[in-house]
Amino acid sequence: MASPRFPEPPSDMEATPFADCDQALTELQAAAPNWTALKPKARARLLRDCMKTLHAEQDAWAASASAAKGHEPGSRGEGEELVNGVMTVMRNLRLFADSLDQGGQPPLPSVSRRADGQAVVRVFPQSTQDKVLLTGYSADVWIKPGEEPTQGAIYRRKAAGQSGKSGVSLVLGAGNQASIGPMDVLHKLVLEDEVCILKMNPVNDYLGPHLLKALKPLVDRNFLRIVYGGAEVGKYLCNHDLVDSIHITGSERTHDAIVWGGDAQEMAERKANGSRQNTKPITSELGAVSPILVVPGKWSADDIT
């Protein structure tokens, strides 16, 4: 979905007609309870089936992305498409499948306590491969003070006999990285229990046919639909009665246009009084504003650069 400040980028795919969007959402809504009822190990098997179909589609995916960006076959550019696109999604599928086999509660590398009792969970590296590939890197999650570290809330509730609430999520795909759209879909499916309609970004919508093949097991079960188009299709889907939640990767202005309205004056007035135009739950990755902190240390000039 383009920013209101900029024109729509050229597209390789024809916009999906609204009637076809309606049909896709109807099929998703009908299948949503089936996804919610699917046991963790059955979900894991389905994701591993996707690993097989993704593997079969990887060369065609990389070739299309390389052609779109002007990379020669066999070049570093083509290799980058395999690493940043295919490999990243493949790893995501594997990690989710492994986690689901553990009932949504995979073993943690370590849990420690700060002096004040706050829990600190080491989440990376988790394997020898992680340690080899990214030597010296680690990641911790600091749990909210007074809270205990827990995982897999929706799966714990289901194990206790509480049925989940099914829903349909609209994912407005990223135009910069090929892996973001499909990984956002997997996040919604596995962590938020929602089936997905993915609207491809016009910048890289040539990837849509490859994603349909790569994630065919999800498409065949009506847990995923992929549509195309720019701002008009995006607006139609954002306001559709069958869409329960929205995730966007894009600009702050696009987010504000969805939530508060596209007219600048209307947007300002709605923000001032807190009156949202679109009240659906929305999550956003906007403008690559990354939470990076540089702490005191023995950094060289090269490190900082």
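Student: When do two strands count as paired in this predicted model?

Tutor: The structure is a predicted model. Two strands pair if DSSP finds at least two bridges between them.

Student: In what order do the 3 strands of the open sheet lie?

Tutor: The pairing in this open sheet is antiparallel. Its edge strands, β1 (110-113) and β3 (139-142), each pair on one side only. From one strand to the next the twist averages 30°. The order of the 3 strands is β1-β2-β3.

Student: Which residue in β3 is the bridge partner of Arg-122?

Tutor: Strand β2 covers residues 119-124 and pairs with β3 in the antiparallel sense over 4 bridges. The bridge partner of Arg-122 in β3 is Asp-140.

Student: How many residues apart in sequence are the parts that Arg-48 and Asp-98 tie together?

Tutor: The side chains of Arg-48 and Asp-98 meet in a salt bridge, at 2.6 Å from N to O. Arg-48 lies in helix α2 (residues 40-69) and Asp-98 in helix α3 (residues 76-101), so the pair ties together parts whose separation in sequence is 50 residues.

Student: Are Arg-48 and Asp-98 buried or partly exposed?

Tutor: Buried requires under 20% relative accessible area, and exposed requires over 50%. Arg-48 has a relative accessible area of 29%, and Asp-98 has 32%. Arg-48 is therefore partly exposed, and Asp-98 likewise counts as partly exposed.

Student: Which residues are linked with Arg-48 and Asp-98 in a network of salt bridges?

Tutor: Side chains of opposite charge can pair when their charged atoms come close. By the 4 Å rule, the count for the model comes to 17 salt bridges. The network that holds Arg-48 and Asp-98 also links Lys-41, Arg-94 and Asp-101.

Student: Is Asp-130, the salt-bridge partner of Arg-91, buried or exposed?

Tutor: In the salt bridge of Arg-91 with Asp-130, the closest N and O atoms are 3.3 Å apart. The pair links distant parts of the chain, with Arg-91 in helix α3 and Asp-130 in helix α4 (residues 128-133), 39 residues apart. Arg-91 is partly exposed, at 30% relative accessible area. With a relative accessible area of 6%, Asp-130 is buried.

Student: By about how much of a helix are Arg-270 and Glu-266 separated?

Tutor: These two side chains, Arg-270 and Glu-266, meet in a salt bridge of 3.0 Å from N to O. Arg-270 counts as partly exposed at 22% relative accessibility, and Glu-266 is partly exposed at 26%. Because Arg-270 and Glu-266 are 4 residues apart in helix α11 (residues 264-273), their separation is about one helical turn.

Student: How far apart are the end C-alpha atoms of helix α6?

Tutor: Helix α6 (residues 180-192) has 13 residues, which at 1.5 Å a residue should span 18 Å. The computed distance agrees with this expectation: the end C-alpha atoms are 17 Å apart.

Student: What phi does Asp-193 take just after α6?

Tutor: Within α6, the buried residues include Ile-180, Val-185, Leu-186 and Leu-189. Just after α6, Asp-193 takes a positive phi of about 65°.

Student: What accessible area does the nonpolar surface patch containing Trp-299 have?

Tutor: Trp-299 is placed in the loop between β8 (282-286) and α12 (301-304). At 49% relative accessibility, Trp-299 counts as partly exposed. In the nonpolar surface patch, Trp-299 is joined by Ile-292, Leu-293, Val-294, Val-295 and Ile-304, and together these residues have an accessible area of about 720 Å².

Notes:
Residues numbered from 1 in each chain as written. Predicted model: local features only at pLDDT ≥ 70, side-chain atom pairs only at ≥ 80, totals over all residues. Heavy atoms only, no water. Helix = DSSP H or I, 4+ residues; strand = E, 2+ residues; numbered from the N terminus. Axes fitted to C-alpha atoms, helices over the stretch in contact; angles between N-to-C directions. Buried < 20%, exposed > 50% of the residue type's maximum accessible area, 1.4 Å probe, protein only. Expected span 1.5 Å × (residues − 1). Patch = residues over 30% accessible without salt bridge, like charges linked within 9 Å, V, L, I, M, F, W, Y side chains within 5 Å. Areas by Shrake-Rupley, 256 points an atom, 1.4 Å probe, with all protein chains shown as cover.
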